[in-house]
Amino acid sequence: MRDRLKFRAWDLRNERMCEVRQMNWHEEGCLVGLFPGGAGWTQFYELRDIILMQCTGIEDCNGKEIYEGDILQFEDNVTVVEWNENHFQEYHKGDHNYSGLLTTEGAERHISKIIGNIYED
């Protein structure tokens, strides 16, 4: 796991996933700088206009970083990653039943693949 926090955000107004470039805290709250990718530029949003998702620090079988809200597949199992009090966990997509903790050991053993996220798929 890397030694810094990394986030992405779902832009509620434009319904798109963005990279979080910076977070500026001030007396009234926080402004979050989002980069939509492509030829775009960093735009600032209030927290109420986005959904922040933290990177787990774990990669899938293709080397892609796994974030909260990602949908993972391992064989016939499809799970969703979420933060639960003090750890990342997976739950079954269809019934929201707990599947297990998401750990580097588990990710390497299961060889899960990201197949989407809860906002775009």
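**A walk through the sheet and Arg8**

Trainee: In which sense do strand 2 and strand 3 pair, and over how many bridges?

Mentor: Happy to start there, keeping in mind that this is a predicted model. Strand 2 covers residues 16–26 and strand 3 covers residues 29–35. One of their links is Trp25, whose bridge partner in strand 3 is Cys30. The two strands pair in the antiparallel sense, over 7 bridges.

Trainee: Which strands stand at the edges of the sheet?

Mentor: Let's lay out the order: 6 strands form an open sheet, 4-3-2-1-5-6, with antiparallel pairing. The strands at the edges each have a single partner strand, so one side of each is left without a neighbour in the sheet; they are strand 4 (43–46) and strand 6 (65–67).

Trainee: Which residue stands opposite Cys55 in strand 6?

Mentor: Good one to find by eye. Strand 5 and strand 6 form a hairpin with 5 residues between them, and Gly63 in the turn has a positive phi of about 80 degrees. The two strands run antiparallel and are joined by 2 bridges. Opposite Cys55 in strand 6 you will find Tyr67.

Trainee: Is Arg8 buried or exposed?

Mentor: Start with its place: Arg8 lies in strand 1, residues 7–11. Buried means under 20% relative accessible area. Because Arg8 has 12% relative accessibility, it counts as buried.

Trainee: Which side chain does the side chain of Arg8 join in a polar contact of 2.6 Å?

Mentor: Beyond its neighbours within four places in sequence, Arg8 is in contact with residues including Met17, Ile51, Tyr67 and Asn117. The 2.6 Å polar contact joins the side chain of Arg8 to that of Asp70.

Technical notes. Residues numbered from 1 in each chain as written. Predicted model: local features only at pLDDT ≥ 70, side-chain atom pairs only at ≥ 80, totals over all residues. Heavy atoms only, no water. Helix = DSSP H or I, 4+ residues; strand = E, 2+ residues; numbered from the N terminus. Buried < 20%, exposed > 50% of the residue type's maximum accessible area, 1.4 Å probe, protein only. Polar contact = N/O pair within 3.5 Å; in protein donor to acceptor, adjacent residues only side chain to side chain. Contact = heavy atoms within 4.5 Å. Pairing = 2+ DSSP bridges.
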